[in-house]
Amino acid sequence: MLESLEENLSSVIITYLDDPTDLIRLAAVSHSCKRLVTRSDVLKKMFLGKADVADTACLCFENDKENAAYALLMRIIDYAQQFDLTIEALMASSTLSPAFNIENTLLTLESRQWSSIGREALSGMETLTFKLPNLCLVYGLSISSFQDTSLPGSPTFRSQRARFSFGNYNGNGVSETYSTQTHQMPSSGKLEVELPKPLLCINKQIVLELSDFVDKHPSEARYYIRVSSVKVCGISIADTFKSTISPSGQLVLEAISYLDPKIKKDLIELERNHLTVDGANDADIHDLARFLNPDAH
């Protein structure tokens, strides 16, 4: 029926399909249906409804493979397992001494910490900058301030507020392309932030902004901010995509694997339970494979 309608009307009709699997099944019906799905931008719009992008200027794909990439990304969001991403400590706005450096925030030892230099005033900001995995989806972030139980009152040396921003390092700092709202730091000194939607990050750094001081060291009469842990929860997509630079200097996201993330998850689960899978009669697997891999015959 869709093939007999005007293309604009057909494009409107398929927007009522809100599951990428339904669109993939439709695209498998015929060449004209596949053209309808790929020309309508419906997969792109569906993806942008599911996720945010840290920098839309970086969202470029191989020629003629944009829809396949969006389909893959949505399947990753739906089926890939989240975990604590491996991040790299880059710099801190100040550091009390080498024993209190920013790398301590990535260790599991509770006694290790990053500490700012001491300040006499409550107002001020400290920043911690980290490098994210080159290709990842970020779902949430957390920070734990360092509570010193050896001091009277067991101060947490937390900031009053915290904010996370994402961007690109340009030699003079990180140019912000996406940020969270500013959050009040709980009295416990532990803050967990869940992003409204998964955030696609391509070659991004993250800056933790810690605003204004709370606790004064009793023997020094100076205010400090101290952090014991920074974590980023998300999904690495490096096993599905890679980033390349085009001849024009544009960053391009290129798929390196068209294995459906759901199938990958099921296979891992089956392998864990020492079972095997026979997908030869699974029509969805064949439809998805044909659609996701434009070069498949």
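Student: Is R163 buried or exposed in this predicted model?

Tutor: In this predicted model, the relative accessibility of R163 is 17%. A residue counts as buried when its relative accessible area is under 20%. Because 17% falls under that limit, R163 counts as buried.

Student: Which side chain meets that of R163 in a salt bridge at 2.8 Å, N to O?

Tutor: R163 belongs to strand 7, and its partner belongs to strand 8 (residues 174-179), 13 residues apart in the chain. The partner is partly exposed, with a relative accessible area of 43%. The side chain that meets R163 in the salt bridge is that of E176.

Student: Which residue is linked with R163 and E176 in a network of salt bridges?

Tutor: The structure holds 9 salt bridges. R163 and E176 are linked in a network with a further residue, E209.

Student: How many residues apart in the chain are K197 and D52?

Tutor: K197 forms a salt bridge with D52, with the closest N and O atoms 3.5 Å apart. K197 lies in strand 10 (residues 190-202) and D52 in strand 1 (residues 52-53), so the pair links distant parts of the chain. K197 itself counts as partly exposed, at 23% relative accessibility. The two residues are 145 residues apart.

Student: Which strand supplies the largest share of the lining of the largest pocket?

Tutor: The largest pocket has a volume of about 470 Å³ and is lined by 21 residues. Strand 6 (135-145) and strand 14 (226-236) each supply at least two residues of this lining. The largest share, 5 residues, comes from strand 14.

Student: How many charged residues are in the lining of the largest cavity?

Tutor: The largest cavity has a volume of about 30 Å³. Its lining consists of F61, E62, K65, A69, L253, A255 and Y258. Of these residues, 5 are nonpolar and none is polar, while the number of charged residues is 2.

Student: How many of the 8 residues of helix 2 are buried?

Tutor: Helix 2 spans residues 20-27 and is mostly covered. The buried residues are P20, T21, L23, I24, L26 and A27. The number of buried residues is therefore 6.

Student: What is the accessible area of the nonpolar surface patch that contains Y169?

Tutor: Y169 lies in strand 7 (residues 159-169) and is partly exposed, with a relative accessible area of 41%. Y169 forms the patch with L90 and M91. Together, the three residues have an accessible area of about 250 Å².

How values were computed. Residues numbered from 1 in each chain as written. Predicted model: local features only at pLDDT ≥ 70, side-chain atom pairs only at ≥ 80, totals over all residues. Heavy atoms only, no water. Patch = residues over 30% accessible without salt bridge, like charges linked within 9 Å, V, L, I, M, F, W, Y side chains within 5 Å. Areas by Shrake-Rupley, 256 points an atom, 1.4 Å probe, with all protein chains shown as cover. Salt bridge = Lys/Arg side-chain N within 4 Å of Asp/Glu carboxyl O. Helix = DSSP H or I, 4+ residues; strand = E, 2+ residues; numbered from the N terminus. Buried < 20%, exposed > 50% of the residue type's maximum accessible area, 1.4 Å probe, protein only. 1 Å grid on protein atoms, 1.4 Å probe; cavity = no way out; pocket = protein on both sides within 12 Å on 5 of 7 lines; lining within 4 Å. Points joined across faces, edges and corners; volume = space filled by probe spheres on them. Nonpolar A, V, L, I, M, F, W, Y, C, P; charged D, E, K, R; others polar.
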